[in-house]
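Open the model in your viewer and keep the sequence panel beside it. This tour tells you what to select next and what to look for there.

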Amino acid sequence: MAVYSKKHNFLFLASPQTGSKAINKTLIEQLEGEQIPKADVRKNGKVVANKHHTTIKMLLNSKLLTQEEVKQAFKFVGVRNPYDLLVSRYMKLRGRFAASGEKANWAQKNEALATRVTMANEMTFPEWLKEVHSEFLSGERTFKGPMLYLEGVDHVIRFEKLQEGFDEAMQRIGVPGKIEVAQFNVTTERVDSGKKRDFREFYDASSIELVQKLYAPVIERFGYQFDQA
């Protein structure tokens, strides 16, 4: 998913687990942004543009936007400390995707997602982390996921300073006044006794090393560290 506005000339790319759904909601409701695509775009049976998370390359290849529209638009995206992001992903799989309700029903119909849900609920975090990244464990490969959304953007919003980064984006677009980012899709599964659990308590030495290696590109580019709470 991305949000595009011809009126305000911006393109927001929804990178997974970076507060993107909250920003999507804000841009659509407050600035008349348009969700693109509204459904998965398929070619020869393969998804070439995902309705949930879409890169610039996907938008262009699917002809959802033209080269000129992308070039002219102010392009922005979110980023998040991978150590923190992965814990939220794990907890969501153990929570809303495993319980009853819309998310769980959707997960059950998606074989790959259903498998990830089962693994998260049967494994400790270090075990799950190693299993879901198993194809990257040999050799020197890194996980490119977060970096794919960063290609060609003009501004990056850090999850750790979400409102501040959003405010800067609005200023650069030329939107007057202050717009508060909606509170939406919060990982409530990480809340214990009214307080968000620190991601560091989920890790052991081997899992710290694994994330440091596999997510090196985004960690190094943005200066993320394990001890950044």
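One term comes first: a contact means heavy atoms within 4.5 Å. This is a predicted model, in which local features need pLDDT of at least 70, side-chain atom pairs count only at pLDDT 80 or more, and totals for chains, interfaces and linings use all residues. Residues are numbered from 1 along each chain as its sequence is written, and side-chain values use heavy atoms, with hydrogens and water left out.

**Stop 1: the whole chain**

Show the protein chain as a cartoon. It has 11 helices and nine strands. Both are DSSP runs numbered from the N terminus: helices are H or I with at least four residues, strands are E with at least two. The C-alpha atoms fill a box of roughly 45 × 40 × 40 Å along the principal axes. The radius of gyration is 18 Å, which agrees with the value near 17 Å for a compact globule of 229 residues. That radius is taken over C-alpha atoms, and the globule rule is 2.2 Å times the number of residues to the power 0.38.

Now switch on the surface. The protein chain exposes about 12600 Å², and carbon and sulfur atoms supply 49% of it. Areas come from the Shrake-Rupley method with a 1.4 Å probe; for residues, only the protein chains shown count as cover. Buried residues make up 44% of the 229. Buried means under 20% relative accessible area, exposed over 50%, and partly exposed in between (1.4 Å probe, protein chains only). Of the contacts with a separation of 6 or more, 69% join residues 24 or more positions apart.

**Stop 2: Ser5**

Select Ser5. You are in strand β1, residues 2-5. Ser5 is buried because its relative accessible area is 3%. Which residues does Ser5 contact, leaving aside neighbours within four places in sequence? They are Phe10, Leu31 and Gly33. Next, show the backbone of His8. Its nitrogen lies 3.0 Å from a polar atom of the Ser5 side chain. That is a polar contact: a pair of N or O atoms within 3.5 Å; within protein, one must be able to donate a hydrogen and the other to accept it, and residues adjacent in sequence count only if both atoms are side-chain atoms.

**Stop 3: Ser20**

Go to Ser20, in helix α1. Ser20 is also buried, at 3% relative accessible area. A polar atom of its side chain lies 3.3 Å from the backbone oxygen of Ser15. Beyond four places in sequence, Ser20 is in contact with Phe12, Ala14, Ser15 and His53. Add Met1 and draw a C-alpha distance to Ser20: 9.4 Å, across 19 residues of sequence.

**Stop 4: two backbone oddities**

Most residues other than glycine have a negative phi, and most peptide bonds are trans. Select Glu32, which has a positive phi of about 60 degrees although it is not a glycine. Glu32 sits in the loop between α1 (20-31) and β3. Buried or exposed? Glu32 is exposed, with a relative accessible area of 56%.

Move on to the bond from Ile36 to Pro37. This peptide bond is cis, with omega near -10 degrees. Pro37 lies in the loop between β3 (34-36) and β4 (41-43).

**Stop 5: Gly78**

Select Gly78 in strand β6, residues 74-79. Gly78 counts as buried because its relative accessibility is 5%. Its contacts beyond four places in sequence are Phe12, Leu13, Ser15, Thr18, Val156 and Ile157. For a long view, add Ala114: 36 residues away in sequence and 26 Å away in space, C-alpha to C-alpha.

**Stop 6: Arg96**

Arg96 is in the loop between α4 (82-94) and α5 (102-109). It is buried, with a relative accessible area of 18%. Val117 is 21 residues from Arg96 in sequence, with 9.8 Å between their C-alpha atoms.

**Stop 7: Asp167 and Asn185**

Select Asp167 in helix α9, residues 162-173. Asp167 is buried, with a relative accessible area of 18%. Show Gln163 too: a polar contact of 2.8 Å joins the two side chains. Asp167 also touches Lys178 and Ile179, not counting residues up to four places away in sequence.

Finish at Asn185, in the loop between α9 and β8 (191-192). Asn185 has a positive phi of about 60 degrees although it is not a glycine. At 25% relative accessibility, Asn185 counts as partly exposed.
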